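Q: Could you teach me how to read the main features of a protein model, one feature at a time?
A: Gladly; let us look at the model together and take each idea before its case.

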Amino acid sequence: MRLVSTTLRDVKLKRFALPPYRRRLLTRPLHLSIERSQLPVPENGGGIRPFLSTASLNGSKTPVELFLSELSDNLQAIKRAPTRQQQKADVPLIQETALFGKWTALLTNPSRLAVESNFNRQGPAKTWRTQLLVDKFENRSDLALWCALLDYQKRINGDSGVLDVWRGLWGRKTLYDVSSPLAPAFWQTILDAAVKSDDDKFLTSIWVYSEWMYDLHGVKWPQLYSTVLSHFLRTHQHHQALQWQLRLTPNFYPGADEFAGIIKQFATDRELYRTPTLESLYIMNPDRQLYDTIVPHLYNLGLSQLAAKWRQLCVRHDDLPRAPVHVRPFLRILEGYFPHVPLRPDESAVIGLRDFEAANDVERINMSREFVNRVHGGTFGISVKNYNDKLGAKWLASSWVSLETAISTITALGIEQIGPLSLQSIALREGTPKGVLSRIEQLHEQGITIIESNYLRLVLYLARVNDDELLLDLLRSDLHPDVFDDVDLQERLLVSTAKSEDWRTHRLLLATRLVVMEKSAREAANALLRVYFLQRDLQRLSNLLNDMKAMEITVNCEQTSPIFDSLATEAKSTFFPKESLYFYLSVCQQLASMEIPVPVRCWRKLLFSLARQGRIDDLETLCIEVVGMFTSFQSSRPGFAPVHPNDIPESMKKPLSGVENLLGVYIPLDLPTETPLHPLRQVFDNKMLGTIIRCSFYSCSSEQGGRATGLALQTRRQKPENFYGGRAIKLIRILYDRGLFVDKQRLATWVKVRLVTLYGPGYPTKRALQQVRAKNRLTLVEMKTLLDETWGEEFLPPIKELQAAIETRGQKVMSKDKKYLQGIGKTTPQLRIVL
C-alpha cells in the first residue's frame with residue numbers, strides 16, 4: 001500500500017521476522033512486500049489480494065520457504081494467460097503512498113490504526129475517549145481513511161480483519177466512492193473475502209449494500225457480477241451460481257461481452273456439465289449472443305462435440321452467427337460429417353449453401369459472381385476489365401470504409417486474384433501478424449488468391465514467426481513490392497543501405513534473402529525426394545525426410561501424390577512383394593510423422609497385404625499406429641489430426657478447390673469414429689475387420705495348433721491371446737479401447753464363422769482349412785473361455801446357444817460346399833490331412 005522505510009512494527013514479530021538480507025526485499029509497497037514478489041502477478045480466478053496478511057504466515061514454514069513458495073506460485077500464474085474478463089478487471093496491486101493524502105502518516109502508526117479499526121470498541125479502542133476518525137463528519141466519506149484501516153486489518157488478521165472493517169462500514173453506510181484510484185483494490189479486497197467466507201450473510205450484506213449504492217448514488221460495486229459468478233462456477237456450486245445470477249442480473253449485469261468471457265472461461269470444466277449450470281446461466285441471461293464466442297472457442301480447442309452441444313443450445317434460442325469467418329470451419333465440419341443435422345438459413349449462408357436447387361436443371365451452369373458480371377457486361381456493352389492492383393490498393397486502404405466492407409466489395413465484383421499492393425494495404429490496416437494471417441485466410445475462403453511473389457512469401461514468413469516489428473517495417477517501407485523479386489537490384493540496395501547505415505531497409509533485404517533461400521532449399525529437397533523415390537533408395541529417402549522434418553521443410557503435394565498413386569496402382573491385388581511392401585510402409589509412416597496425411601486407400605492396401613501375408617506382428621503395430629493418428633495424435637494444432645483431402649466429405653472439398661499445395665485438412669480428434677465418413681471408419685470397415693479376424697485367426701491357429709493342447713492352455717493362461725483367434729480378438733479390443741468403433745455383435749458373428757471351420761459339421765474343402773481343423777486340440781468350451789478372457793468380458797453367447805449357431809451355420813456351409821463339389825464333378829471333400 002505504501003513504500004516501507006521503517007521497521008514493520010504492526011507485524012507480529014514473535015511469529016514472523018525476516019533476516020537482515022531479506023529486509024532489502026521490502027523496499028516496495030507494503031502489501032506486496034511478503035506475499036507478492038516484484039513480478040507482475042495476473043489475477044487468479046476470483047480476483048487478487050491487494051493487501052498483506054500475516055494470517056498465512058503463522059504456519060510452520062520459514063520465511064525463506066514462504067518467500068520461495070509464493071514466488072513459485074507467481075511464476076505459475078504468469079504462465080497462464082489472463083482471460084478477457086481478467087484483463088478488463090485490472091485491479092492495481094500497488095498503491096502509491098501519495099494517494100492516501102493526509103492519512104499518509106497514519107500508515108506508519110500501527111497503534112493508532114489498531115484503535116481506529118476497532119469499531120466495536122471492545123479492544124484497543126475501549127478506553128479511547130474521543131470519536132473514531134471514521135465517525136467524524138468530515139471523514140464520513142473518506143475512502144483513503146477506510147483503505148488505510150482495511151490495509152492494517154488485512155495484514156494483521158487476514159479475512160477476519162476484512163470482515164471487521166466491513167461490519168464497521170455496513171453500520172455507517174457512508175462510503176460509495178468507486179472512481180478514485182484506491183477504490184478498485186478496496187472494494188475487490190472486501191468482495192474476495194466475502195466469497196471465500198463460510199458465512200453466507202457476509203456476501204448477502206455486500207449485495208444489499210451494493211443495491212443501496214446503486215439506488216441512492218447511481219454507482220455500481222466494481223466487478224461484483226463477474227467475481228461472484230466466477231467464484232461459484234469455480235467451486236462448482238450450481239444452485240448458488242443460479243441464485244446469484246438472478247440477484248445480480250437486474251442491476252449489475254456487465255454486458256454480453258463480459259458474460260461471454262465468463263462462460264468461455266469455464267466452458268471446458270466437465271464438472272459443470274453434470275448439472276446444466278452453464279446452460280442454465282445462458283438461458284437466464286438477458287443477452288443471448290454466445291454463438292460467435294463459445295462455439296469457435298471450443299472448436300479451436302478440439303472440443304467439437306462440446307461445441308456442437310452449445311451450437312444446438314444457441315440455435316434453440318435463436319442465437320445465430322453474426323461473424324461468419326470464426327464459425328465457418330466448425331459449420332463445415334458439421335455439414336460434412338453430420339449431414340443429417342439441419343442447419344438454419346443463417347448458418348447455411350456462412351458456408352455458402354443454398355436452401356433450394358432447381359430439380360429440372362440437367363446441366364448446371366456455374367453461376368459465379370464473375371460469370372454474372374460478364375453477362376451484365378455483354379448485355380450492356382461493357383467490356384471486361386482486369387483487376388488494377390493500384391486502384392484496388394487505394395480502395396482497400398481507404399479509411400472511410402471498413403476493411404470487411406472493402407473485401408466484401410471486391411468479392412462481390414468477382415475478383416479472383418489481387419496483387420502485392422492490395423496485400424500491402426490489407427496488411428497495413430490489420431497491423432498485427434495474427435490479423436494479417438486471418439485476412440489472407442479470409443481471402444482464400446472467398447475464392448481470392450494473391451499473386452505469387454517474394455513479397456507475399458516475406459509477409460507470410462514474418463507473420464508466421466510473429467515478428468511484428470520487422471513486418472511493420474516491411475509494410476511501411478518505401479520499396480515497391482517488385483523490388484523483392486529483382487535479385488540484381490537487391491544486391492545494389494544491400495551495398496547502398498550498408499553505406500548509408502539504413503539498417504531497417506538492410507534487415508528487410510536480408511530477410512528477403514532468407515525467404516528466397518528457404519524457397520530454393522525446399523525446391524531442391526523436393527526434387528531430390530523425387531529422385532530417391534524413383535530409384536527406390538529407401539535409406540537415402542528416409543534420411544532426406546528426416547532432414548526435411550528437422551529443418552521444417554515442407555514436402556510439396558507434387559511429390560507426395562506420385563508416391564500414393566504408385567502405392568495404390570503398383571499391384572492389382574493387395575499381395576505386395578516383401579521389398580515393395582516394407583518400402584511403402586516405411587515411407588508412409590515417415591510422412592505421417594511429418595503431419596503429411598496418407599490417403600485411406602494406401603493404409604487399407606498396406607493393412608490388407610500384411611493380413612493376407614500372415615505378418616501379424618507388423619499388422620498389429622500398424623493398426624495401433626493408424627488408430628492413434630486419428631484419436632490421440634500430437635500434431636502442431638493441438639486437438640486436431642490431419643486428413644488427406646481425398647478422404648474428407650465432398651461438401652468440404654469445394655471450398656478448397658483453389659488452394660495450392662494442399663496436403664491435408666485438420667479435423668477434431670474427438671470426432672466420433674462411428675461417423676460413416678470418419679477416416680478410421682473408412683479404413684477399418686467390415687471388410688477390413690473381417691479380413692483381420694480371418695487371417696489372424698487361421699494364422700495363429702496354424703502356428704499354435706500343434707502345441708496348444710488343453711494342458712498347454714492351462715499352463716499358459718496368463719497370455720490366452722497367443723492361442724488360436726485370441727490374438728485377433730486382443731488386437732481389436734486394443735483398437736476398441738483406443739477409440740475405434742467396433743460393432744461387437746458383428747464381430748461375434750465373424751468369429752462364429754471361423755468356429756464353424758473348427759467345430760461345424762462336415763469337413764472343409766480347402767487344404768489350408770483342413771490343416772487348421774486337424775491341428776485344433778481345444779474343445780468348444782475351452783475355445784469360448786479363451787476368447788471371453790481375451791476380450792475382457794463375455795464375448796460369445798452361452799455354450800448351448802453357440803453350439804446351435806455353429807450347427808445351423810455349418811449346415812448352410814455344407815450345402816454350399818456340396819453344390820460346389822457337384823459343379824466340379826466330385827461328391828465328397830478330398831481329405832488331405834490324416835486325422
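Q: Before we look at any residue, what does contact mean?
A: Contact means that heavy atoms lie within 4.5 Å. Keep in mind throughout that this is a predicted model. With that cut-off, Trp310 touches Ile263, Tyr273, Leu278, Glu279, Tyr282, Leu290, Ile294, Val295 and Leu298, when residues up to four places away in sequence are not counted.

Q: Where does Trp310 lie, and is Trp310 buried or exposed?
A: Trp310 is part of helix H14. A residue counts as buried when its relative accessible area is under 20%, and because the value for Trp310 is 2%, Trp310 is buried. As for one of its partners, Leu290 is 20 residues away from Trp310 along the chain, and the C-alpha atoms of the two are separated by 8.8 Å.

Q: How should I read the packing of helix H13 and helix H14?
A: For two helices, one looks at the angle between their axes and at the distance between those axes. Here helix H13, residues 291-300, and helix H14, residues 304-316, pack at an angle of about 165°, and their axes are 7 Å apart. H13 is therefore roughly antiparallel to H14. The crossing in which H13 passes H14 is left-handed.

Q: Which residues of H13 and H14 meet?
A: On the H13 side they are Tyr291, Ile294, Val295, Leu298 and Tyr299, while on the H14 side they are Ser304, Leu306, Ala307, Trp310, Arg311, Cys314 and Val315. Sorted by kind, the residues of this contact between H13 and H14 are ten nonpolar, one polar and one charged.

Q: At what angle do helix H30 and helix H35 cross?
A: The reading proceeds by angle and distance again. The axes of helix H30 (residues 616-631) and helix H35 (residues 726-737) cross at roughly 15° and come within 10 Å, which means that H30 is roughly parallel to H35. The crossing of these two helices, H30 and H35, is right-handed. From H30, the residues Ile616, Asp617, Glu620, Cys623, Ile624 and Val627 meet Arg727, Leu731, Ile734 and Leu735 from H35. In the contact of H30 with H35, seven residues are nonpolar, none is polar and three are charged.

Q: How can I tell whether a whole helix, such as H11, is covered?
A: One goes through the helix residue by residue and asks which of them are buried. Helix H11, which spans residues 256-266, is mostly covered, since eight of its eleven residues are buried. The buried residues of H11 are Ala256, Glu258, Phe259, Ala260, Gly261, Ile262, Ile263 and Phe266. In the protein, buried residues make up 49% of the 835 residues.

Q: How many salt bridges does the whole structure have?
A: In a salt bridge, a side-chain nitrogen of Lys or Arg lies within 4 Å of a carboxyl oxygen of Asp or Glu. A search of the whole structure finds 25 salt bridges. One of them joins Glu570 to Arg536, with their closest N and O atoms 3.5 Å apart. This pair links distant parts of the chain, 34 residues apart, for Glu570 sits in the loop between helix H27 and helix H28, and Arg536 in the loop between helix H25 and helix H26. Glu570 is partly exposed at 34% relative accessible area, and Arg536 is partly exposed at 36%.

Q: What distance separates the closest N and O atoms of Arg604 and Asp685?
A: In the salt bridge of Arg604 with Asp685, those atoms are 2.9 Å apart. Arg604 belongs to helix H29, whereas Asp685 is in the loop between helix H32 and helix H33, so that the pair links distant parts of the chain, 81 residues apart. Arg604 is buried at 15% relative accessible area, and Asp685 counts as partly exposed at 24%.

Q: Which residues are linked in a network of salt bridges?
A: Salt bridges can be read as links from residue to residue, and here Arg733, Asp737, Lys744 and Glu793 are linked in such a network.

Q: What should I note about the protein as a whole?
A: One can count its elements and then ask how far along the sequence its contacts reach. The protein has 39 helices and four strands. Among its contacts between residues at least 6 apart in sequence, 71% join residues at least 24 apart.

Technical notes:
Residues are numbered from 1 along each chain as its sequence is written. This is a predicted model: local features need pLDDT of at least 70, side-chain atom pairs count only at pLDDT 80 or more; totals for chains, interfaces and linings use all residues. Side-chain values use heavy atoms; hydrogens and water are left out. Axes are lines fitted to C-alpha atoms, for helices over the stretch in contact, and angles run from 0 to 180 degrees between N-to-C directions. Angles under 35 degrees count as roughly parallel, over 145 as roughly antiparallel, 65 to 115 as roughly perpendicular and the rest as oblique. A crossing is left-handed if the near helix is turned anticlockwise from the far one by less than a right angle, and right-handed if clockwise. Ala, Val, Leu, Ile, Met, Phe, Trp, Tyr, Cys and Pro count as nonpolar, Asp, Glu, Lys and Arg as charged, and the others, Gly among them, as polar. Buried means under 20% relative accessible area, exposed over 50%, partly exposed in between (1.4 Å probe, protein chains only).
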